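Grab a coffee and open the viewer: here are some exercises on sheets, helices and chain copies. Try each task yourself before you read the solution.

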2 protein chains.
Amino acid sequence: MNDNFVLKGIVCYSRSQTEIAVFPDSYVVCEKGISRGVYRTLPEGYQTLPLTDYGDKLILPGLVDLHTHAPQYPFRGTGMDLELVEWLQSRAFPEEARYSNLDYARTAYRQFVERLTRSATTRACVFATRHREATELLMDLLEDSGLTTFVGKVNMDRNAPEDLQEESAQVSARETRLWLEETEGRYRRTRPILTPRFIPSCTEELLESLGDIRQERGLPVQSHLSENPEEIRWVKELCPQAEFYGDAYDRRGLFGRDPSGRPFPTIMAHCVWSSPEEVVRMKENGVFVAHCPASNTNLSSGIAPVRTYLDAGLRVGLGSDVAGGHTESLFRAMTDAVQVSKLYWRLVDQTVKPITFAEAFYLATKGGGAFFGNVGSLEEGYEFDAIVLDDSSLSHPQALTAPQRLEQAAYLSLDLLGLHAKYVAGRQLF
Amino acid sequence: MNDNFVLKGIVCYSRSQTEIAVFPDSYVVCEKGISRGVYRTLPEGYQTLPLTDYGDKLILPGLVDLHTHAPQYPFRGTGMDLELVEWLQSRAFPEEARYSNLDYARTAYRQFVERLTRSATTRACVFATRHREATELLMDLLEDSGLTTFVGKVNMDRNAPEDLQEESAQVSARETRLWLEETEGRYRRTRPILTPRFIPSCTEELLESLGDIRQERGLPVQSHLSENPEEIRWVKELCPQAEFYGDAYDRRGLFGRDPSGRPFPTIMAHCVWSSPEEVVRMKENGVFVAHCPASNTNLSSGIAPVRTYLDAGLRVGLGSDVAGGHTESLFRAMTDAVQVSKLYWRLVDQTVKPITFAEAFYLATKGGGAFFGNVGSLEEGYEFDAIVLDDSSLSHPQALTAPQRLEQAAYLSLDLLGLHAKYVAGRQLF
């Protein structure tokens with residue numbers, strides 16, 4: 001493994017939220033896992049580095065999946081005629097209950113990690129299940145894969161089937177501490193993230209304990225927020241003292257700011273129906289939105305007004321949300337983001353302009369990448385995550401420009417077919 | 001080529017609009033291009049026929065694409081940030097103008113036909129361009145492919161760039177007659193269909209001539225209808241005497257019924273914004289709706305209320321609408337149909353229930369198949385169109401049922417990856 005090297009090809013990255021920069025026939029330099037920039041002519045100092053010439057292929061930043069459920073991967077694309085709460089009870093929860101069995105977990109997680117490794121995703125924030133051992137197994141497998149991930153042992157002590165629910169808030173908290181102790185110092189690329197499933201799954205007592213654990217260990221947080229109107233009503237019933245859904249997390253120090261006002265990284269998935277007050281709080285607290293368009297459609301949740309969130313200055317990335325979403329393809333998530341934004345414009349509010357393809361590409365790279373630090377671009381100083389796309393399986397009677405090739409590859413989900421090479425933090429995975 | 005044979009596998013077809021029948025480990029018999037039914041035990045009379053055992057693979061009816069534009073295939077999945085009228089002017093029309101060049105047309109149409117042949121589509125209704133020679137070339141290629149298709153030389157004598165528009169209504173009508181004469185009796189599987197592009201592209205004089213040609217030759221018709229609010233306003237300006245958009249066709253005998261009231265087969269693509277009066281007329285005239293969910297989303301047109309149309313007794317099938325739609329995959333069209341119907345339910349009208357997967361499968365098989373006669377099923381008496389699906393590239397830790405496998409294959413567009421064999425009217429294509 002040599003992490004000083006040069007790649008040559010057609011290099012593309014987001015110059016800004018609205019513009020994809022394209023450098024045909026150019027060089028991108030990696031030193032110690034960090035990009036040293038893109039060049040039309042290779043500077044002298046880099047000419048002795050090993051060079052891989054990818055010719056006419058596209059070299060893109062690796063893509064970032066801000067929200068996915070590893071244990072739901074086995075049933076992706078099935079049972080899609082259901083709405084959120086019904087789907088949780090009849091599909092997601094029964095499948096997740098199986099991960100008490102480590103043999104099952106090993107088989108399932110191996111398949112998930114194998115697929116994720118072959119995909120365009122280089123970084124991901126992953127929900128496991130409430131099971132400590134299976135979560136550690138998933139972390140071991142992800143570490144070995146070379147991907148960089150946050151992984152969460154899920155917390156859930158109410159409103160779930162008996163075989164999945166944790167026995168009590170105390171048990172849930174204890175298992176979480178044990179998980180954190182057992183995995184501490186064990187990985188280079190795999191980090192724990194505190195993962196209360198969502199408010200309906202967590203008692204007040206559990207949320208309070210999680211707030212304490214978060215504070216003690218300086219952990220990031222991921223959860224679900226304002227996905228579905230029925231769910232939001234339920235949260236209001238369960239937690240009447242909260243001003244709005246997100247406030248139910250914030251009151252316990254699980255929403256981007258600790259009680260002393262210190263910020264910490266937080267991802268909230270969905271945010272389809274966030275109220276103006278919730279949006280303001282997310283902005284104040286620096287909370288990331290994981291926009292999951294496929295899942296929001298599949299579960300009839302609605303369309304998240306991503307343009308509105310971007311205009312409000314929120315930090316937004318994309319989530320595949322397997323298995324509410326049916327595929328791990330972030331190319332698909334990009335085009336889904338464009339598509340649903342057009343329907344939002346047409347059917348809901350014609351003052352909210354659709355997301356362009358360039359903007360969707362930004363969300364999948366720099367947008368979500370910011371959660372991981374300097375990630376999501378090939379510009380100088382970014383961690384060197386890159387994918388090399390071979391679209392030669394698509395024949396054309398005419399020439400396409402590089403931006404057209406990129407857009408087409410995204411619409412046709414070529415990331416699941418045509419990926420030629422992949423690098424994470426300067427390390428080549430294939 | 002032996003068109004008496006037996007296939008064995010897991011046989012699925014739509015028993016009704018709402019139910020997929022599944023026959024594990026069963027036989028389906030083909031005699032002279034027609035299905036003789038599905039059997040758990042092979043009747044004695046068929047035991048001498050050659051048998052192909054597809055084991056655990058799924059045997060499905062071939063899928064029917066009621067609306068696609070062959071010349072737009074080269075730029076599918078590009079330029080998707082535009083709305084209908086702008087997209088026509090800047091993408092579709094310039095590309096179509098190239099088909100005056102037969103070398104270009106040959107290269108492009110070969111690629112289209114090759115891809116369509118490898119897809120799950122066994123029957124299609126295809127727009128060519130206004131060019132007679134290139135249209136005949138496309139028909140030659142489709143005939144050789146073994147697919148069964150309707151193909152239309154497009155008519156357009158106004159509101160298009162000079163290099164694409166036909167010089168006059170007379171020229172357009174003359175070229176159409178010539179095209180029909182030149183191709184008469186030339187094909188077994190490839191039939192002409194009258195194809196006025198849409199009202200904004202056709203003068204009253206041209207529509208009148210096309211009505212005459214249709215009547216003389218008893219031709220079917222395909223066109224576009226009520227796709228986009230801006231387009232509908234434009235039609236109202238162009239044709240103020242029409243009661244509604246569809247009436248502009250009907251007045252000229254191009255909308256499912258001739259002046260004497262005799263029915264003929266007609267497909268209208270999109271129908272996103274059809275008024276109640278238009279729906280009533282379509283019902284009276286037996287007009288087929290080609291539902292094109294991907295295109296309606298990509299071009300920000302909206303969501304066609306398919307549930308409403310089905311409840312009103314309209315005949316509905318699916319269209320890929322390449323290249324407003326970005327893919328020829330009808331598996332994708334099925335899941336798009338489900339997905340947009342959920343957003344319609346959530347965002348537009350909660351009295352209009354989403355389409356289920358079983359219903360989308362019905363639309364892609366029997367729904368559109370009815371345009372071709374007894375097509376779209378493996379039940380006895382149907383023309384024998386079948387596809388054999390190999391989903392073994394998807395590994396699972398658990399067993400999936402056949403309906404789950406079918407749904408998953410659709411959500412993951414496995415028709416573009418995993419098709420193992422294909423039969424059209426009893427002839428095996430691969």
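Before starting, a word on terms: an axis is a line fitted to C-alpha atoms, and an angle is taken between N-to-C directions, from 0 to 180 degrees. Also keep in mind that this is a predicted model.

**Exercise 1.** Work out which helix lies across strands S1, S2, S4 and S15 of chain B, and at what angle to S4(B).

Solution. Start with the sheet itself. Seven strands of chain B make an open sheet, ordered S3-S2-S1-S4-S15-S16-S17, with mixed pairing. The edges are taken by S3 (34-39) and S17 (427-428) of chain B; each has a single partner strand, so one side of each has no neighbour in the sheet. At the S3(B) edge, S2 (residues 19-31) of chain B pairs with S3(B) in the antiparallel sense over four bridges. There you'll find Tyr27(B) opposite Tyr39(B) of S3(B). Now add the helix: H13 (residues 402-411) of chain B lies across S1 (5-16), S2, S4 (51-61) and S15 (386-389), and runs at about 65° to S4(B).

**Exercise 2.** Decide how H3 and H4 of chain B are oriented as they pack.

Solution. First, the numbers: H3 (residues 132-145) and H4 (residues 169-183) of chain B pack at about 30°, with axes 10 Å apart. Next, the cut-off: angles under 35 degrees count as roughly parallel. H3(B) and H4(B) are therefore roughly parallel to each other. Their crossing is right-handed. Who touches whom? H3(B) brings Arg132(B), Thr135(B), Glu136(B) and Met139(B), while H4(B) brings Glu175(B), Leu178(B), Trp179(B), Glu182(B) and Thr183(B). Sorted by class, that contact has three nonpolar, two polar and four charged residues.

**Exercise 3.** Do the same for H2 and H3 of chain A.

Solution. The axes of H2 (residues 102-118) and H3 (residues 132-145) of chain A come within 9 Å and cross at roughly 30°. That makes H2(A) roughly parallel to H3(A). The crossing is right-handed. Residues in the contact include Tyr109(A), Phe112(A) and Leu116(A) of H2(A), and Leu138(A) and Leu141(A) of H3(A). By class, the H2(A)-H3(A) contact has 11 nonpolar, two polar and three charged residues.

**Exercise 4.** Find what operation superposes chain B on chain A.

Solution. Rotate by 180° with 0.0 Å of shift along the axis, and chain B lands on chain A with an RMSD of 0.0 Å. The two copies are thus related as by a two-fold rotation axis. In chain B, the C-alpha nearest that axis belongs to Leu347(B), 3.6 Å away. Finally, check the surface: both copies use the same one, as 100% of the contact residues of chain B recur in chain A.

Definitions and conventions
Residues numbered from 1 in each chain as written. Chains lettered and ligands numbered in written order. Predicted model: local features only at pLDDT ≥ 70, side-chain atom pairs only at ≥ 80, totals over all residues. Heavy atoms only, no water. Pairing = 2+ DSSP bridges. Helix = DSSP H or I, 4+ residues; strand = E, 2+ residues; numbered from the N terminus. Contact = heavy atoms within 4.5 Å. Parallel < 35°, antiparallel > 145°, perpendicular 65-115°, else oblique. Left-handed = near helix turned anticlockwise from the far one by under 90°. Nonpolar A, V, L, I, M, F, W, Y, C, P; charged D, E, K, R; others polar. Least-squares fit on C-alpha atoms with pLDDT ≥ 70 in both.
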